Amino acid sequence: MVEIKKAVFDDCQAFNRWENIDEVIKYLSISKGRSMEDSIREFIQRENDDSSRDFAVYYGKKIVGRAFLSRYDKNTSSIDITRIYIGDESDRNKGIGTALMVVLLKYCFIELNLNRVTLDYLDGNPAKKIYETMGFVNEGVAREAGFKDGVYNNFNLMSMLKKEYKARYLPE
C-alpha cells in the first residue's frame with residue numbers, strides 16, 4: 001500500500017541521498033551534486049511556503065520516495081506535481097509510481113477539492129506513459145524552459161481537470 005506523509009526534517013537525509021543518484025534525477029530538473037545543506041535549506045524554505053506540499057512516499061512502513069507539489073493556488077483551484085520519484089532501484093518497476101499517482105490525484109481532487117492538476121516532464125522521461133495512461137492531457141512544450149547541468153531542457157506540459165478525474169476514477 002502506498003501512502004504519502006508530510007515530509008519531516010529527518011526525511012532530508014533520504015531525499016538528499018536519492019537526489020544524488022543519477023538514475024533518480026535523470027528526468028528531474030535537479031542538477032548533480034546537491035549537498036545536504038542544499039536539501040535542508042530547500043526543506044525549510046518549503047515548510048514556510050503555503051503554496052507547496054512536500055511528502056515522503058511510503059510503501060508499507062518503508063520510505064521509498066518523494067512527492068513535491070507546488071504552485072497551489074486557491075483562486076485558480078490548481079496545483080502542480082513538481083517532483084515525484086521512487087528512490088532506490090530495488091523499489092522501482094513494482095507499480096509504486098503508478099499507485100503514488102493515484103494517491104496524489106485523490107489528494108488533489110478529493111481532499112483539496114481542486115479543479116486542475118498540472119505536471120511537466122523532461123524529454124525522454126518514461127513516466128510519460130504513466131501520465132498518459134492515467135488520463136493526463138498534453139498541453140504543449142515549454143521549449144528550453146529548464147537549465148540543468150549546463151544544458152537547456154524542454155518541459156512537456158500536461159494537466160488533468162476534476163471532471164476528467166471524476167469520469168475516470170469516480171464513475172457514477
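## Lining of the largest pocket

By class, the residues that line the largest pocket comprise 19 that are nonpolar, 7 that are polar and 8 that are charged. The structure described here is a predicted model, and in it this pocket has a volume of about 910 Å³. Its lining is made up of 34 residues, among which Ile84, Tyr85, Ile86, Asn125 and Ala127 are the closest to the centre of the pocket.

## Where the lining comes from

Which element gives the most to the lining of the largest pocket? That element is strand 4, which contributes 7 residues and runs from 78 to 86.

At least two lining residues each also come from helix 2 (22-25), helix 4 (96-111), strand 5 (116-122) and helix 5 (128-134), so that a student tracing the pocket in the structure can look for both helices and strands around it.

## Two residues with positive phi

Arg71, which is part of strand 3 (residues 62-73), has a positive phi of about 55° although it is not a glycine. Ser77, placed in the loop between strand 3 and strand 4, likewise is not a glycine and has a positive phi of about 55°.

Are these residues buried or exposed? Arg71 has a relative accessible area of 52%, and because exposed means over 50%, Arg71 counts as exposed. Ser77 has a relative accessibility of 18%, and because the cut-off for buried is under 20%, Ser77 counts as buried.

Technical notes
Residues are numbered from 1 along each chain as its sequence is written. This is a predicted model: local features need pLDDT of at least 70, side-chain atom pairs count only at pLDDT 80 or more; totals for chains, interfaces and linings use all residues. Side-chain values use heavy atoms; hydrogens and water are left out. On a 1 Å grid over the protein atoms alone, a cavity is a set of points where a 1.4 Å probe fits but cannot get out, and a pocket is an open set with protein on both sides within 12 Å along at least five of seven lines; lining residues have an atom within 4 Å of a point. Grid points are joined across faces, edges and corners, and a volume is the space filled by probe spheres set on the points. Helices (H or I, at least four residues) and strands (E, at least two) are DSSP runs, numbered from the N terminus. Ala, Val, Leu, Ile, Met, Phe, Trp, Tyr, Cys and Pro count as nonpolar, Asp, Glu, Lys and Arg as charged, and the others, Gly among them, as polar. Buried means under 20% relative accessible area, exposed over 50%, partly exposed in between (1.4 Å probe, protein chains only).
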